[in-house]
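Hello,

Here is the structure I promised to pass on to you. Please have it open while you read, and I will walk you through what turned up.

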Amino acid sequence: MRVLLPASPDVTDLTSLEGLAAAYAYPGLEPGDSWLRANMVSSLDGSAQAAGLSEGLSSPADKRIFGVLRALSDVIVVGASTARAEGYRPARARKEFAAERAARGQGPAPAIALVSARLDLDFADPLFTEPLAPTIVLTIADAPSEALAEARKVADVVITGEGRVDLARARAELAARGLVRQLTEGGPTLLGQLVAQDLLDELCLSLAPLVTAGTATRIAHAAEEVTERLELVALLEEKGFLFARYARSVVASD
């Protein structure tokens, strides 16, 4: 893997997980602050999937970065439909990051936070029966009552409003629990809502050297078009895959 940007990088050794972790470190945060980054993969023509899953666009380098971004985060926010489609399981502890996580006051693995208004969830899934950190369910007060009662037995349920999940409130509730280094892995509908509500601080985008055509959704999908300018702060390359970091402003590592 090689660095294309910045021209004078702080981190040049990207052969190790430690080097990648330094390259993707969260910015320093003041008390009360949080930082929400997204990690997505896209084809050259904007598709978020190949053969129905993001896995079809991935690569070994993309998977390394995926693991590093998880290891740096306090919480992984994901839409329930994406969790079902991608077969989500609890985040695992990785010994390579144990000391660094402990030094930052983090648990052994990030929590998974599922965004779901309908609570169409399998509460016998490993996400609820085997997590290292209790799974969080971000939902609404008028969710189906039986499902809400079941969710409360196996998860940390956070009510974010009525009618639809209030993502700004959800972000604030996570931060209030000390989960300030926030990572979302989509899917496209959730990312589109975050962009539309001006809640996204950073986008880590893996660009696969593939053209897929077809009808797959792009990485961010919303009912209305929203335009937001982000700054390119880093760009890596490996075997034709590009790995970009875009942010609201230049980020300084903590």
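G19 counts as buried, because its relative accessibility is 8% and buried means under 20%. You will find G19 in helix α1. Setting aside its neighbours within four places in sequence, G19 is in contact with V11, D13 and L14. V68 lies 49 residues away from G19 in sequence, and the two C-alpha atoms are 9.9 Å apart in space. Please keep in mind throughout that this is a predicted model.

**The chain as a whole**

Stepping back, the chain has 8 helices and 10 strands. The radius of gyration is 18 Å, close to the 18 Å that the globule rule gives for 254 residues, so the chain is as compact as a globular protein of that length. Along the principal axes, the C-alpha trace spans about 55 × 45 × 30 Å. Of the 254 residues, 49% count as buried. If you take the contacts with a separation of 6 or more, 69% of them join residues 24 or more positions apart.

On the outside, the chain exposes about 12400 Å², and carbon and sulfur atoms supply 52% of that area. As for charge, there are 25 positive and 34 negative side chains, with the centres of the two sets 3 Å apart.

**The nonpolar core**

In soluble globular proteins, nonpolar side chains tend to be buried together. Which residues touch the most other members of the largest nonpolar core here? They are Y24 and L138, in a core of 75 residues. Helix α2, residues 60-72, gives the most to this core, with 6 residues.

Y24 is a good place to start looking. Leaving out neighbours within four places in sequence, Y24 is in contact with R37, I65, L69, L72, C204, L236, F243 and R245.

K63 also lies in helix α2. K63 is partly exposed, with a relative accessible area of 45%. Its contacts beyond four places in sequence are with E55 and S58. E202 is 139 residues from K63 in sequence, and their C-alpha atoms are 19 Å apart.

**Helix α8 and the loops on either side**

Which residues of helix α8, residues 188-196, are buried? They are P188, L190, L191, G192, L194 and V195. The elements that cover these buried residues include β2 (35-42), β3 (75-79), β4 (111-115), α7 (167-176) and β7 (181-184).

The loop between β7 and α8 holds G187, and the peptide bond from G186 to G187 is cis, with omega near 10°. Both glycines also appear among the contacts of T82: beyond four places in sequence, T82 is in contact with Y88, E185, G186 and G187. T82 itself sits in helix α3, residues 80-86, and T82 is buried, with a relative accessible area of 15%. Although T82 and G186 are 104 residues apart along the chain, their C-alpha atoms are separated by 7.0 Å.

After α8 comes D198, in the loop between α8 and β8 (202-207). D198 is not a glycine, yet its phi is positive, at about 60°. At 45% relative accessibility, D198 counts as partly exposed.

**Two more backbone details**

Is L119, with its phi near 60°, buried or exposed? L119 counts as buried, at 4% relative accessibility. This residue is found in the loop between β4 and α5 (126-129), and its phi is a positive value in a residue other than glycine.

The other detail is a cis peptide bond from L5 to P6, with omega near 0°. P6 has its place in the loop between β1 (2-5) and α1 (17-23).

If you want a short route through the model, begin with Y24 in the core, go on to the cis bond between G186 and G187, and finish at D198 with its positive phi.

Enjoy exploring, and write back with anything you would like to talk through.

Best wishes

Key:
Residues are numbered from 1 along each chain as its sequence is written. This is a predicted model: local features need pLDDT of at least 70, side-chain atom pairs count only at pLDDT 80 or more; totals for chains, interfaces and linings use all residues. Side-chain values use heavy atoms; hydrogens and water are left out. Helices (H or I, at least four residues) and strands (E, at least two) are DSSP runs, numbered from the N terminus. The radius of gyration is taken over C-alpha atoms; the globule rule is 2.2 Å times the number of residues to the power 0.38. Buried means under 20% relative accessible area, exposed over 50%, partly exposed in between (1.4 Å probe, protein chains only). Contact means heavy atoms within 4.5 Å. Accessible areas come from the Shrake-Rupley method with a 1.4 Å probe; for residues, only the protein chains shown count as cover. Lys and Arg count as positive and Asp and Glu as negative; His and the chain ends are not counted. The place of a charge is taken as NZ of Lys, CZ of Arg, CG of Asp or CD of Glu. A nonpolar core is a set of buried Ala, Val, Leu, Ile, Met, Phe, Trp, Tyr and Cys residues joined through side-chain atoms within 4.5 Å.
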